[in-house]
Amino acid sequence: MLPMYPAITLKNISKTFGTVKALKHVSLNIEQFSFHALMGENGAGKSTIAKCLMGFYKAEEGEILLGGKEISISNPKDAHKSGIGMVYQHFMLVDNMTVAENLIIARDTIPALLNWRKEKNELEEFMKEMPFQLNLKAFVRDLSAGEKQKLEILKMLYLKCKILILDEPTSVLTPGEADEVLSFLKNLVDRKLLTVIIISHKFREIFGYADAVSVLRKGKYAGGGKVSDFSKAELAELMLGNKVKERNQVRNSQLEAPVKLQLKKIFNEEEAGIPIIDKLSLSVKKGEIYGVAGVSGNGQKRLVEILSGQVKANSGKILIDGREYNPVRKSMKKEQFHCLPEEPMKNACVPEMSVAENMALRYYDHNPFQSKGVVKTKVINRKAEDLIRDFNVKTPTPGTPIKALSGGNVQRAILARELSSEVEILVISNPCFGLDFNAIADIRALIMQVRNRGAAVLLLSEDLDEIIELSDRIGVIFNGSIIYETPVEELSMSILGEKMAGH
Ligand SMILES: Nc1ncnc2c1ncn2[C@@H]1O[C@H](COP(=O)(O)OP(=O)(O)OP(=O)(O)O)[C@@H](O)[C@H]1O
Ligand SMILES: [Mg+2]
């Protein structure tokens, strides 16, 4: 007999943060064993709902019912006890522990003395049942974003949760990986083993997997029902009201341009002697977007770390305009070299600092933002106000800590910082991770503008659609090398797929 875990009902939920009303009298119903999508623009309140269900936030008004009975969830432990688990928008993993250790410490109760051999056997058995495999001994810090996301999902399945909330789980996965994960979840739902609440901006996934949908708009329930009753346009309109934008990328034709950025046989190895970047060579011309396509975990993360100066290559050269280049803060500024890593909350900002301060991180120690070593807050705030307006960042004030912003708005704020000054070279990794479709269109247009103004752009993305839409030339990264290159006009999808799989 399967234990019966009833559906969730939200009744009249309101949640306020300071002056921001994140949720306004939201009522919605999640049926048992359904695959329920939660949609809405960046900042609509989706994550806030999820965090109320998990007991991270306490709604100041309203009730949560589990199987028709009101329950009180004061913390994630309570939620787990009720069989509710969540995969968050930002990773919740311990970098310096292994995959196995991360799974074990996820449990609410851990015996004082662990029988490691027994645990290990159990974990191996568990892993065999799973739709994707991770090396239990690998350290989380060495996993790519895609692999981390897989671990987050495995963690919840390992905790045997019955209602799984996923906050944009596929943003860092390739379409193939996303299908793998979603089919696996769908299968559990169809077998009446799991109820899934999935927050997603991707229509392909909603229409492919979800059976029900609820849409939020500016903190209010805007509508919903059976997915099959909606068209894409109808859902988009529910999300945005009437202001759905259609945009086409304007790509200036490319003249014969000189090579701007060149990587020559870059090599970087792990302690074990296994290369992560293996004699990687590529070149990017002025006014060109060079897209690096590849399955996550093939060296993309390390390549960005090398280009941004966080990790030193063991050998090989980086050249700018034919001259050797050393990525330190000073030379990056001189060359107008901008580098945007993925997971900006972790890699590109200081969560406790304000939006304005984060936007000023690149220039706070220069005039006119400082005078005799004293940072001029007023000037920094004024500059931030301009950027917030131009880049459409939704924040209560420039002084709000950046960690209080919704995922998509953190991304916009960081992009505003990097793209607002002169850019000669831009290295950018998964720039649209977690953004809603209007934001994606905005960000892609910005990248195209930077290209059209003559910058050399190296775009690393696990989203093939993005690579194809933006790139002039595409290179495939596999096991730390570029193994194939093609101009986008001559692209064959089947060859690209084969190369990405390493054939
Ligand atoms: N801890 C917090 N402190 C202050 N404001 C917050 C906090 N968490 C969320 N907010 C605000 O509440 C609103 C809803 O945010 P939420 O994160 O729920 O949006 P979202 O729909 O998940 O957006 P996204 O698609 O960008 O992830 C936003 O305006 C956000 O700035
Ligand atoms: Mg969110």
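This report describes the domains, ligand shell, sheets and selected backbone features of a predicted model.

**Domains and their interface**

The chain is split into two parts, domain 1 covering 8–240 and domain 2 covering 274–500. Their C-alpha centres are 28 Å apart. Across the boundary, 22 residues of domain 1 are in contact with 25 residues of domain 2. On the domain 1 side, helix α5 (residues 145–158) gives the most, with three residues. By class, that side of domain 1 consists of seven nonpolar, 12 polar and three charged residues.

**The shell around ligand 1**

Ligand 1 has 20 residues around it, and those that come nearest are Phe17, Asn42, Ser47, Ser406 and Gly408. Three elements give two or more residues to this shell: β2 (20–30), α1 (46–53) and α14 (407–419). Both domains take part, since the shell draws at least three residues from domain 1 (8–240) and at least three from domain 2 (274–500). Its residues divide into six nonpolar, 11 polar and three charged.

**The six-stranded sheet**

Strands pair through backbone hydrogen bonds, in either a parallel or an antiparallel sense. One open sheet has six strands in the order β6-β7-β8-β3-β9-β10, with mixed pairing. Its edges are β6 (84–87) and β10 (220–226), each of which pairs on one side only. From one strand to the next the twist averages 15°. β6 and strand β7 (residues 163–167) run parallel and are joined by four bridges. Within this pair, glycine 85 is opposite leucine 164 of β7.

Helix α1, one of the elements that give two or more residues to the ligand 1 shell, also packs on this sheet. The strands touched by α1 are β3 (35–39), β6, β7, β8 (195–199) and β9 (212–217). The direction of α1 makes about 150° with that of β7.

**The four-stranded sheet and its hairpin**

A second open sheet has four strands in the order β2-β1-β4-β5, and its pairing is antiparallel. β2 and β5 (69–71) are the edge strands, each pairing on one side only. Here the twist from one strand to the next averages 35°.

Strand β1 (residues 8–17) pairs with β2 in the antiparallel sense over seven bridges. Among the facing residues, threonine 16 has lysine 21 of β2 as its bridge partner, and isoleucine 13 stands opposite valine 26 of β2. The hairpin of β1 and β2 has two residues between the strands, and glycine 18 in this hairpin takes a positive phi near 55°. β2 also appears among the elements that give two or more residues to the shell around ligand 1.

**Residues with positive phi**

Most residues other than glycine have a negative phi. Which residues have a positive phi although they are not glycine? Histidine 25 is one of them, with a value of about 50°, and lysine 279 is another, also at about 50°. Histidine 25 lies in strand β2, while lysine 279 lies in strand β12 (residues 275–285). Histidine 25 counts as partly exposed because it has 14 C-beta neighbours inside 10 Å. Lysine 279 is likewise partly exposed, with 14 other C-beta atoms within 10 Å. Positive phi values also occur at glycines, including glycine 18 in the hairpin of β1 and β2 and glycine 309, which follows α9.

| Residue | Place | Phi |
|---|---|---|
| Glycine 18 | hairpin of β1 and β2 | near 55° |
| Histidine 25 | strand β2 | about 50° |
| Lysine 279 | strand β12 (residues 275–285) | about 50° |
| Glycine 309 | after α9 | near 80° |

**Helix α9**

Is helix α9 buried or exposed? Eight of the eight residues of helix α9 (residues 300–307) are buried, so the helix is largely enclosed by the rest of the structure. The cut-off behind this is 20 or more other C-beta atoms within 10 Å of a residue's own. The buried residues are Gln300, Lys301, Arg302, Leu303, Val304, Glu305, Ile306 and Leu307. In an α-helix there are 3.6 residues a turn, so residues three or four places apart point the same way. In α9, the list of buried residues includes Lys301, Arg302 and Glu305 as well as Leu303, Val304, Ile306 and Leu307.

Definitions and conventions:
Residues numbered from 1 in each chain as written. Chains lettered and ligands numbered in written order. Predicted model: local features only at pLDDT ≥ 70, side-chain atom pairs only at ≥ 80, totals over all residues. Domains from an automatic or database assignment. Contact = placed C-beta atoms within 7 Å. Nonpolar A, V, L, I, M, F, W, Y, C, P; charged D, E, K, R; others polar. Near = placed C-beta within 6 Å. Pairing = 2+ DSSP bridges. Axes fitted to C-alpha atoms, helices over the stretch in contact; angles between N-to-C directions. Buried ≥ 20, exposed ≤ 12 C-beta atoms within 10 Å, placed from the backbone.
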